[in-house]
Structures are given as structure tokens and as C-alpha cells.
Amino acid sequence: KKKFISEIDERKKSGKLSDPVKLEEANEMPYLQACMYEALRLHPAVGMSLPRVVPAEGIEIDNKFLPTGTIVGVNPWVVHRDQEVFGEDVETFRPERWLERDRSDMDRFFFAFGSGARVCLGRNISWMEMSKLVPTLFSKFDLQLANPEASWKETCWYVRYLLRKAFN
């Protein structure tokens with residue numbers, strides 16, 4: 001959190017941060033952008049596979065032929081925990097991973113908004129909103145956990161639960 005706040009404070013002191021923060025300013029904040037990528041890597045909004053139907057000619061994936069009509073998919077939660085792509089510390093929130101090395105593989109396997117022709121239509125608006133809102137909030141308020149020593153338990157089932165209710 002200190003690096004993130006420092007980036008905001010430095011830009012504020014040098015007059016490079018508006019109120020509210022402009023998109024152009026946020027795009028020039030590398031640590032902010034890295035934090036957003038890392039947060040969405042660890043907690044993508046969609047927790048299910050992104051299904052696709054194999055085309056008429058079929059397809060070969062991992063040396064296995066899949067016939068027409070087969071449903072295939074990839075789960076962003078699983079892809080984002082590939083140690084070969086994101087490093088051995090994949091379970092750790094570490095925004096620096098997006099800044100310290102060639103990130104082309106990480107960008108290629110970043111599936112928080114899906115990928116390819118069926119990427120989320122709201123991706124750019126969502127990124128713009130986060131880019132502007134997050135630094136604006138942190139530049140105005142000293143946000144802290146009410147009880148930083150508390151033990152946290154995550155339960156990430158919202159999308160799966162809604163889908164099950166919708167189809168049962």
C-alpha cells in the first residue's frame with residue numbers, strides 16, 4: 001500500500017494529479033496500473049470457464065482432436081495461477097511482477113475480461129472507471145481496514161451460484 005500511496009502523493013505534489021483524476025494521468029501511474037492487473041489476476045470477476053463451441057472443421061488442442069460442437073473453455077482463475085507464466089508466487093498479491101520483467105506472456109494469459117473476439121464489451125469502460133476512481137479515493141481519504149488483525153475468509157461463488165439458480 002505504501003508504494004501505491006507514494007505514487008499518488010508524488011504526482012499530487014508535482015501537480016500531475018487532478019481532482020478527480022483524469023484517465024491520462026492514471027495511465028501514467030505504472031504502480032496503479034500494476035495493482036489493478038494484479039487484483040484482477042487474483043480475483044477475476046468471472047469464476048467459470050468461458051465456453052466456446054468447436055467450429056465445423058474441429059480443432060486440435062494439446063495434441064487431441066476435438067470434433068465439431070464440443071464445448072471447450074478456460075477458467076481465468078486457473079489460467080492466472082500458472083506458475084510458468086506468473087511465477088512461483090502466484091497466490092501472492094505482488095503488483096511488482098507486472099513491472100519487473102517482460103510481461104508479454106502475462107498480458108497474453110490475462111483473462112480477467114476474456115480474450116479474443118468475445119472479450120468483454122465493457123472492458124475499456126471498466127478499466128477507465130477503476131483507473132480514475134481508485135486514485136481519486138486514495139488521494140482524498142486515508143483508507144484503512146477497521147480491524148487489520150482480523151482473520152479473513154473468502155468465499156468466491158457468486159457467479160456460479162447465480163448460474164445454478166438460473167438453470168435449476
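This section describes the fold, the buried contacts, the charged pairs and the unusual backbone positions of a predicted model.

The chain contains eight helices and four strands. Along the sequence these elements follow the pattern α-α-α-β-β-β-β-α-α-α-α-α, with the four strands placed between three helices before them and five helices after them. The C-alpha atoms fill a box of roughly 60 × 35 × 30 Å along the principal axes. Of the 168 residues, 28% count as buried. The accessible surface amounts to about 11800 Å², and carbon and sulfur atoms account for 57% of that area. When contacts between residues at least 6 apart in sequence are considered, 61% of them join residues at least 24 apart.

Contacts between residues far apart in sequence can be followed at Met36, which is located in helix α3 (residues 30-42). Met36 has a relative accessible area of 7% and is therefore classed as buried, the limit being under 20%. With residues up to four places away in sequence left out, Met36 touches Trp127, Met130 and Ser131. The C-alpha atoms of Met36 and Met130 are separated by 7.8 Å, although the two residues are 94 residues apart along the chain. Ser131 belongs to helix α7, and its relative accessibility of 0% places Ser131 among the buried residues. Leaving out residues up to four places away in sequence, the partners of Ser131 are Val21, Leu23, Ala26, Asn27, Leu32, Gln33 and Met36. The contact between Met36 and Ser131 thus links a residue of helix α3 with a residue of helix α7.

Helix α7 (residues 123-140) also contains Leu133, which contributes to a feature of the surface. Leu133, Leu137, Phe141 and Leu143 form a nonpolar patch there. Together these four residues have about 360 Å² of accessible area.

Charged side chains were examined next. The chain carries 25 positive and 25 negative side chains, and the centres of the two sets lie 5 Å apart. The number of salt bridges comes to 11. One of them joins the side chains of Glu28 and Arg11, with an N to O distance of 3.2 Å. Glu28 lies in the loop between α2 and α3 and Arg11 in helix α1, so this pair ties together parts that are 17 residues apart in sequence. The two partners differ in their surroundings: Glu28 is exposed, at 51% relative accessibility, whereas Arg11 is buried, at 13% relative accessible area.

A second salt bridge is formed by the side chains of Arg97 and Glu38, at 2.9 Å from N to O. Because Arg97 lies in the loop between α5 (83-86) and α6 (104-108) and Glu38 in helix α3, the pair ties together parts that are 59 residues apart in sequence. Here Arg97 is buried, with a relative accessible area of 0%, and Glu38 is likewise buried, at 0% relative accessibility. A further salt bridge connects the side chains of Arg103 and Asp107, again at 2.9 Å from N to O. Arg103 counts as partly exposed, at 23% relative accessibility, and Asp107 is also partly exposed, at 36%. In addition, salt bridges that share partners join Glu38, Arg41, Asp89, Arg94, Arg97 and Glu100 into one network. The buried residues Arg97 and Glu38 are among the members of this network.

Finally, the backbone was inspected for unusual geometry. Most residues other than glycine have a negative phi, and most peptide bonds are trans. Two neighbouring positions depart from the first of these patterns. Asp62 is not a glycine, yet has a positive phi of about 55°. Asn63, which is not a glycine either, has a positive phi of about 65°. Asp62 is found in the loop between β2 (59-61) and β3 (64-66), and Asn63 is placed in the loop between β2 and β3 as well. Asp62 is exposed, with a relative accessible area of 66%, and Asn63 is exposed too, at 70% relative accessibility. The second pattern is broken between Asp19 and Pro20, where the peptide bond is cis, with omega near 0°. Pro20 lies in the loop between α1 (2-13) and α2 (23-27).

Terms used. Residues numbered from 1 in each chain as written. Predicted model: local features only at pLDDT ≥ 70, side-chain atom pairs only at ≥ 80, totals over all residues. Heavy atoms only, no water. Helix = DSSP H or I, 4+ residues; strand = E, 2+ residues; numbered from the N terminus. Buried < 20%, exposed > 50% of the residue type's maximum accessible area, 1.4 Å probe, protein only. Contact = heavy atoms within 4.5 Å. Areas by Shrake-Rupley, 256 points an atom, 1.4 Å probe, with all protein chains shown as cover. Lys, Arg positive; Asp, Glu negative; His and termini not counted. Charge placed at Lys NZ, Arg CZ, Asp CG, Glu CD. Patch = residues over 30% accessible without salt bridge, like charges linked within 9 Å, V, L, I, M, F, W, Y side chains within 5 Å.
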